[in-house]
Every structure is written in C-alpha cells, then in structure tokens.
Amino acid sequence: MKARVVRIGNSRGIRIPKAVIEQCHLHGAVDLEIQQGQLVIRSASKPRVGWSEVFGQMHRHGDDQLLDAETSAPSTWDRKDWTW
C-alpha cells in the first residue's frame, strides 16, 4: 500500500485508510518510533496499566515491605535537629 505525504499547515502528514487503522487497533494517541530508518506507528502504551492489581497482589503476599528499612529509620540528627 502506498500513501502520499501531504502538507498540513507547517507540518507534513499521511492519510491512513480506515481499514488499516481498524486492523492495527489505533485509537486516540499513538507512539511514533523510528527503527532503522522506518517509521513505526503503534497504539500509545500506558506504562502503569495493571500496577494497581500487581501492588494488591504484593500486599496480599506480604511482599510490599521496604527493602532498606534499617537505613531509612530516622537518625538522632533527624529526630532532634531537623526542622521543616
């Protein structure tokens, strides 16, 4: 399939046929990436999707504790001398 680069204001763009958009499940925002001189367009990733469920699982398994609890305890200086 070929498309023509067209002028859109001061930018350039291409028109993507509806069938291609539907087949690739492109909706709303998209990510653009250049790979070896080629433009790759994909649905925008949601980097934190599913985090809530994973953190819930961690909590249920007791795996949500601080790893550096000893070093994060307040020091004498923290308790006596530190002010906001």
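## A salt bridge inside helix H1

Start with helix H1, which covers residues 18-24. Lys18 and Glu22 both sit in this helix, 4 residues apart, and that spacing is about one turn of the helix. This is a predicted model, so keep in mind that everything here is read from a prediction. In the model, Lys18 and Glu22 form a salt bridge, with their closest N and O atoms 3.9 Å apart. The cut-off for a salt bridge is 4 Å, so a distance of 3.9 Å gets in. As for the general idea, side chains of opposite charge can pair when their charged atoms come close.

How open to the outside are the two partners? Lys18 counts as exposed because its relative accessibility is 61%, and exposed means over 50%. Glu22 comes in at 45%, so it counts as partly exposed.

## The other salt bridge

How many salt bridges does the structure hold? There are 2. Besides the pair in H1, Glu33 forms a salt bridge with Arg42. Here the closest N and O atoms are 2.8 Å apart.

Both of these residues are partly exposed. Glu33 has a relative accessible area of 33%, and Arg42 has one of 34%. Each value falls between the 20% and 50% limits, which is why both get that label.

## The overall layout

Now zoom out to the whole chain. The protein has 4 helices and 4 strands. Reading from the N terminus, the elements go β-β-α-β-β-α-α-α. The radius of gyration is 25 Å, well over the 12 Å that the globule rule gives for 84 residues, so the protein is more spread out than a compact globule. If you draw a box along the principal axes, the C-alpha atoms fill roughly 70 × 35 × 25 Å.

What share of the 84 residues counts as buried? The answer is 5%. Contacts tell you something about the chain too: among those with a separation of 6 or more, residues 24 or more positions apart account for 2%.

## Surface and charge

The accessible surface of the protein adds up to about 8,400 Å². Carbon and sulfur atoms own 55% of that area.

The protein also carries 12 positive and 10 negative side chains. If you take the centre of each set, the two centres lie 21 Å apart.

## Two loop residues with positive phi

Two residues are worth a look for their backbone angles. His25 is in the loop between H1 and strand S3, which spans 30-35. Its phi is positive, about 55 degrees, although His25 is not a glycine. With 56% relative accessibility, His25 counts as exposed, because the cut-off is over 50%.

Gln36 has a positive phi as well, near 50 degrees, and it is a residue other than glycine. You'll find Gln36 in the loop between S3 and S4. Its relative accessible area is 83%, so Gln36 is exposed.

## Strand S4 and the loop after it

Val40 is part of strand S4. Which residues does Val40 touch, leaving aside those up to four places away in sequence? They are Asp31, Leu32, Glu33 and Gln35. Glu33 may ring a bell, as it is the residue that forms a salt bridge with Arg42. Val40 and Gln23 are 17 residues apart in sequence, and their C-alpha atoms are 15 Å apart in space.

Further along comes Ser45, in the loop between strand S4 (38-43) and helix H2 (51-60). Is Ser45 buried or exposed? It counts as exposed, because its relative accessibility is 53% and the limit is over 50%. Measuring by C-alpha atoms, Ser45 and His27 are 11 Å apart in space and 18 residues apart in sequence.

## Trp51 in helix H2

Last stop: helix H2, where Trp51 is found. At 41% relative accessibility, Trp51 counts as partly exposed.

How far is Trp51 from Ile21? In sequence the two are 30 residues apart, and from C-alpha to C-alpha they are 28 Å apart in space.

Definitions and conventions. Residues are numbered from 1 along each chain as its sequence is written. This is a predicted model: local features need pLDDT of at least 70, side-chain atom pairs count only at pLDDT 80 or more; totals for chains, interfaces and linings use all residues. Side-chain values use heavy atoms; hydrogens and water are left out. Buried means under 20% relative accessible area, exposed over 50%, partly exposed in between (1.4 Å probe, protein chains only). A salt bridge is a side-chain nitrogen of Lys or Arg within 4 Å of a carboxyl oxygen of Asp or Glu. The radius of gyration is taken over C-alpha atoms; the globule rule is 2.2 Å times the number of residues to the power 0.38. Contact means heavy atoms within 4.5 Å. Accessible areas come from the Shrake-Rupley method with a 1.4 Å probe; for residues, only the protein chains shown count as cover. Lys and Arg count as positive and Asp and Glu as negative; His and the chain ends are not counted. The place of a charge is taken as NZ of Lys, CZ of Arg, CG of Asp or CD of Glu.
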